[in-house]
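Subject: Model for your inspection

Dear colleague,

I am passing on the structure we spoke about, and below it you will find my notes on what came out of the analysis. Please read them with the model open beside you.

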Amino acid sequence: MGIAELAVLVEGALEEGGADRADLVVDDRAAGVLLDACAAVPGGARAGARVHLDGAGGLERVEVRVAAGDALDEVVLRSYAVGAAHMALGWVLSEGIAVDPDTGEVHDLTIRSFGVIRAKDTPAIDVTVVADDGAPRPRSSDAVFRGGRRRGRGTAVTRAEGARPEAFPARGTRAARRLRR
């Protein structure tokens with residue numbers, strides 16, 4: 001099982017148990033990135049995310065905080081974080097491979113058919129690189145993807161829809177439908 005899939009299971013358990021994520025933060029590094037989520041990956045990078053929806057349930061903007069040690073190049077780190085946030089949005093709302101339900105045969109392998117969110121439809125993604133002493137920490141984009149998928153995207157959609165999506169991608173949600181306009 002991948003770290004994103006594990007995060008989905010953990011998030012579901014935390015949500016069902018009514019856990020307050022702020023009570024689960026174990027140190028200042030995690031507290032520095034906590035928004036609606038806080039995720040850590042092997043290597044020590046941490047990230048948090050929050051999705052802001054408009055009044056109609058569409059994506060307005062995404063807020064990301066990342067702590068990855070002494071960044072070698074902050075511009076590159078921000079670029080990786082934006083890419084990871086974009087991937088997490090797609091994973092939750094639109095991306096998939098169309099297959100025959102009986103045979104599993106793939107119907108279409110064009111990039112367009114995968115449901116990748118187009119650049120013009122991507123909401124603003126605001127990245128804050130949190131001061132984080134120490135050596136550069138690898139896999140910061142994995143932390144952003146995991147944190148964004150974990151709480152930021154899934155819970156924002158759940159709040160807007162009134163129920164947690166039963167499957168991903170959650171193409172039937174208002175946020176996903178508004179992306180396809």
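The bridge partner of Glu63 in strand E4 is Asp126, and in that strand Ala124 is likewise the bridge partner of Arg61. These pairs belong to the contact between strand E3, which covers residues 59-67, and E4, where the two strands pair in the parallel sense over 6 bridges. The chain passes from E3 through helix H4 to E4, and the resulting β-α-β crossover is right-handed. Please keep in mind throughout that this is a predicted model.

The two faces of E4 differ in their cover: Ile125, Val127 and Val129 make up the covered face, whereas Ala124, Asp126 and Thr128 make up the uncovered one. Asp126, the partner of Glu63, is therefore to be found on the uncovered face, with Ala124 and Thr128.

On the antiparallel side, strand E2 (residues 46-53) is joined to E3 by 8 bridges, and one pair to look at is Ala49, whose bridge partner in E3 is Val64. E2 and E3 form a hairpin with 5 residues between the strands, and in this hairpin Gly57 adopts a positive phi near 85°.

The loop that runs between helix H4 (74-93) and strand E4 (124-129) contains Ile97. Together with Val99, Val106 and Leu109, Ile97 makes a nonpolar surface patch of about 350 Å².

As for the chain as a whole, the protein has 6 helices and 4 strands, and from the N terminus on these elements follow one another as α-α-α-β-β-β-α-β-α-α. The radius of gyration of the protein chain is 16 Å, close to the 16 Å that the globule rule gives for 181 residues, so the chain is as compact as a globular protein of that length. Its C-alpha trace spans about 50 × 35 × 35 Å along the principal axes, and of the 181 residues 39% count as buried.

With best regards

Definitions and conventions
Residues are numbered from 1 along each chain as its sequence is written. This is a predicted model: local features need pLDDT of at least 70, side-chain atom pairs count only at pLDDT 80 or more; totals for chains, interfaces and linings use all residues. Side-chain values use heavy atoms; hydrogens and water are left out. Patches are made of residues with over 30% relative accessible area and no salt bridge: like charges are joined within 9 Å, nonpolar side chains (Val, Leu, Ile, Met, Phe, Trp, Tyr) within 5 Å. Accessible areas come from the Shrake-Rupley method with a 1.4 Å probe; for residues, only the protein chains shown count as cover. A salt bridge is a side-chain nitrogen of Lys or Arg within 4 Å of a carboxyl oxygen of Asp or Glu. Buried means under 20% relative accessible area, exposed over 50%, partly exposed in between (1.4 Å probe, protein chains only). Two strands pair if DSSP finds at least two bridges between them. A crossover is right-handed if, with the strands pointing away from the viewer, the path from the first strand over the helix to the second runs clockwise. The radius of gyration is taken over C-alpha atoms; the globule rule is 2.2 Å times the number of residues to the power 0.38.
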